[in-house]
Amino acid sequence: MSKKNSFFRLEMLFLKVLDGKDCYGYEITHSLKELTHGKIDVKEGTLYPILYKFEELGYITSEKRVVGKRMTRVYYHLEPGGKKYLDKIYSEYKSMVETINDFMEGNYE
C-alpha cells in the first residue's frame with residue numbers, strides 16, 4: 001500500500017489513531033484534527049477508501065455496534081498485521097525526516 005519515497009502518509013496517521021483505541025470513521029478524522037490542533041483535517045471521503053483497503057489487507061477489522069436505540073456505527077480495530085505495517089511505514093517516515101534534516105543542515109555525506 002505504501003509508495004516508495006512517499007513522505008507523508010495519511011494511512012500512517014489513521015493507523016496510529018486506531019493503535020490507541022477502536023474508532024468509527026468520523027471519530028478517526030475528528031481525533032486526527034483535534035490531536036494536530038486543526039493542522040490535519042481529513043474529510044471522511046478520503047478516509048473510507050483507505051479503511052476499506054486496510055480491511056481487505058487484514059490490517060484492520062470492523063464491527064457494527066448499536067449506539068442508542070437505532071443508530072449503528074462501524075468501529076474499526078487495528079489487527080497485528082496493521083500494527084506491523086504501521087511500525088514499518090513509521091520507520092520509513094522517520095528515516096526520510098532524518099535524510100531531509102541532514103540535507104537541510106548540509107550533511108551530504
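Author: A crossing of two helices is left-handed if the near helix is turned anticlockwise from the far one by less than a right angle, and right-handed if the near helix is turned clockwise. In this predicted model, H2 passes H3 in a right-handed crossing.

Reader: What makes H2 and H3 oblique to each other?

Author: H2 and H3 pack at an angle of about 120 degrees, with their axes 10 Å apart. Roughly perpendicular covers 65 to 115 degrees, and roughly antiparallel begins over 145. The angle of about 120 degrees belongs to neither class, nor is it under the 35 degrees of roughly parallel, and H2 and H3 are therefore oblique.

Reader: Which residues of H2 and H3 meet, and how do they divide by character?

Author: From H2, Gly 25, Tyr 26, Ile 28 and Thr 29 meet Glu 44, Leu 47, Tyr 48 and Leu 51 of H3. The residues of this contact divide into five nonpolar, two polar and one charged. Gly 25 is on the polar side of that division because Gly counts as polar.

Reader: Is Leu 32 in H2 buried or exposed, and how do you know?

Author: Leu 32 has a relative accessible area of 5%. Buried means under 20%, so Leu 32 is buried. Leaving aside residues up to four places away in sequence, Leu 32 touches Leu 13, Phe 14, Ile 40 and Val 42. Leu 32 and Glu 55, by contrast, are 20 Å apart, C-alpha to C-alpha, and 23 residues apart in sequence.

Reader: What covers the buried residues of H2?

Author: The buried residues of H2 are Gly 25, Glu 27, Ile 28, Thr 29, Ser 31 and Leu 32. Their cover includes helices H1 and H3 and strands E1 and E3.

Reader: Where is His 37 found, and is it buried or exposed?

Author: His 37 follows H2 and is found in the loop between H2 and H3. The relative accessible area of His 37 is 72%; exposed means over 50%, so His 37 is exposed. Its phi is positive, about 55 degrees, although His 37 is not a glycine.

Reader: Why are H1 and H4 called oblique?

Author: H1 and H4 pack at an angle of about 130 degrees, with their axes 10 Å apart. Roughly perpendicular ends at 115 degrees and roughly antiparallel starts over 145; H1 and H4 are therefore oblique to each other. Their crossing is left-handed.

Reader: How do the residues of the contact of H1 with H4 divide?

Author: Glu 11, Met 12, Leu 15, Lys 16 and Asp 19 in H1 meet seven residues in H4, including Gly 82, Leu 86 and Tyr 93. The contact divides into seven nonpolar, one polar and four charged residues.

Reader: What makes Gly 82 a buried residue?

Author: The relative accessible area of Gly 82 is 0%. Buried means under 20%, and Gly 82 is therefore buried. Among residues over four places away in sequence, Gly 82 touches Leu 15 and Tyr 59.

Reader: Which residues have the most contacts inside the largest nonpolar core?

Author: They are Phe 14, Leu 15, Leu 18, Ile 28, Leu 51, Phe 54 and Ile 60, in a core of 22 residues. H1, H2, H3, E3 and H4 each give two or more residues to this core, and its largest share, six residues, comes from H1. Ile 60 touches, among others, Leu 15, Leu 18, Leu 51 and Phe 54.

Definitions and conventions. Residues are numbered from 1 along each chain as its sequence is written. This is a predicted model: local features need pLDDT of at least 70, side-chain atom pairs count only at pLDDT 80 or more; totals for chains, interfaces and linings use all residues. Side-chain values use heavy atoms; hydrogens and water are left out. Buried means under 20% relative accessible area, exposed over 50%, partly exposed in between (1.4 Å probe, protein chains only). Contact means heavy atoms within 4.5 Å. Helices (H or I, at least four residues) and strands (E, at least two) are DSSP runs, numbered from the N terminus. Axes are lines fitted to C-alpha atoms, for helices over the stretch in contact, and angles run from 0 to 180 degrees between N-to-C directions. A nonpolar core is a set of buried Ala, Val, Leu, Ile, Met, Phe, Trp, Tyr and Cys residues joined through side-chain atoms within 4.5 Å.
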